[in-house]
Amino acid sequence: MLVSAKEMIDKAHAGHYAIGAFNINNLEWIKGILTACEETKSPVILGVSEGAGKYMCGFKNVVNMVKGVHDYLGITVPVAIHLDHGTYEGAKACIEAGFTSVMFDGSHYSFEENLAKSKELIELAHSKGVSIECEVGGIGGEEDGTLSMGELADPKECATIASLGVDFLAAGIGNIHGVYPKDWKGLNFERLGEIQKATNGKPLVLHGGSGIPYEQVHKAITLGVSKVNVNTELQIEFAKATRGYIEAGNDENIAKKGYDPRKLLKPGTEAISAKVKELLKIFGSEGKAL
């Protein structure tokens, strides 16, 4: 079922678990993630960056790909197609293209401009039955070419954005995108608690979920995080499995016959499914679609 993410996020927040938001980049990623979520009966959010949308030949094609795989595999769990770290223009384009959920990342604007654009997009999304996430406080690292050193979001600013009626809120709490450095200080749980209190229990989003110690992820979920974004871990697992296939001697066959992408990419697809299943246990969303 292709749905808005609001209901699944609200249920996760009330039930003290989190929905996995896994980025997709091609057919294999869509297939691997949806297969894992169907097997575990877990609702899921498929994240799409604007760069990935371009790679997959446009937002409308992304929607069609997801719908096609979804229907062919007979997926029964709730699935949301979600724009990840979208621009103002990108969010509008994805709503038009048929996404069921969008994120507007206005954290690089002044707070006043972020507030104004968030208000407009929240009203537009809700008028179309689309859920929306907004961001306060930049998330560290690099996401699809966008750089941020990361920061701790201001609880008062979070409360102001939350009051607009946003469905779930991304707030910087020391998390970063990509691989975490050895000297990373960890998540700031005190600030997370302050944000949850200031927003009157608004469901919160943990970006940069790859590489955060699982005990910290679990603690964040107990403090109001209801959506955890994962991309880097899947990229690593996909690359390792594909490289392993070649290094196992299959490269000789490729040199003689050319490569069969179905065989080359199958290990990567299976590795993504295995990693997603592992993470769903951590997030506590297994069986929540029953």
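## A tour from helix α9 to the barrel

Begin by selecting Gln-216, which has its place in helix α9, residues 214-222. Keep in mind throughout that this is a predicted model. Gln-216 counts as buried because its relative accessibility is 18%, and the cut-off for that label is under 20%. To see what surrounds this side chain, add Trp-184, Gly-186, Leu-187 and Phe-189, which Gln-216 contacts once its neighbours within four places in sequence are left aside.

Next, display the strands. Eight of them, taken in the order β1-β2-β3-β4-β5-β8-β9-β10, close into a barrel with parallel pairing. From one strand to the next, the twist averages 25 degrees. Helix α1, residues 6-15, packs on this sheet and touches β1 (19-23), β2 (44-48), β3, β5, β8 and β10 (225-230), while its direction makes about 120 degrees with that of β10. For a closer look at one pair, select β3, residues 79-86, which runs parallel to β4 and is joined to that strand by 3 bridges; here Gly-86 stands opposite Phe-104 of β4.

From β4, move outward to helix α6, which lies across β4 and β5 and runs at about 170 degrees to β5. This helix, residues 111-127, has 17 residues and reaches 24 Å from its first C-alpha to its last, close to the 24 Å expected at 1.5 Å a residue. Colour its buried residues, Phe-111, Asn-114, Lys-117, Ser-118, Leu-121, Ile-122 and Ala-125. Around the axis they cover an arc of only 140 degrees, and they therefore sit on the same side of α6. Their packing partners are α5 (88-97), β4 (101-104), β5 (131-136) and α7 (155-162). Rotate the view to the face turned away from the buried side, and the exposed residues Glu-112 and Ser-127 are found there. Just after α6, stop at Gly-129, which takes a positive phi of about 75 degrees.

The last selection is α7, one of the elements against which the buried residues of α6 pack. Start at its N-terminal end, which Asp-154 caps with a side-chain oxygen lying 2.8 Å from the backbone nitrogen of Lys-156. Within the helix, Pro-155, Cys-158, Ile-161 and Ala-162 are buried. Viewed down the axis of α7, these buried residues fall within an arc of 120 degrees, so they line one face of the helix. Finally, show α6, β5, β8 (168-171) and α8 (189-198) together, since the buried residues of α7 pack against these elements.

Terms used: Residues are numbered from 1 along each chain as its sequence is written. This is a predicted model: local features need pLDDT of at least 70, side-chain atom pairs count only at pLDDT 80 or more; totals for chains, interfaces and linings use all residues. Side-chain values use heavy atoms; hydrogens and water are left out. Helices (H or I, at least four residues) and strands (E, at least two) are DSSP runs, numbered from the N terminus. The expected span of a helix is 1.5 Å times one less than its number of residues. Buried means under 20% relative accessible area, exposed over 50%, partly exposed in between (1.4 Å probe, protein chains only). The arc is that of the directions from the helix axis to the C-beta atoms. Contact means heavy atoms within 4.5 Å. A polar contact is a pair of N or O atoms within 3.5 Å; within protein, one must be able to donate a hydrogen and the other to accept it, and residues adjacent in sequence count only if both atoms are side-chain atoms. Two strands pair if DSSP finds at least two bridges between them. Axes are lines fitted to C-alpha atoms, for helices over the stretch in contact, and angles run from 0 to 180 degrees between N-to-C directions.
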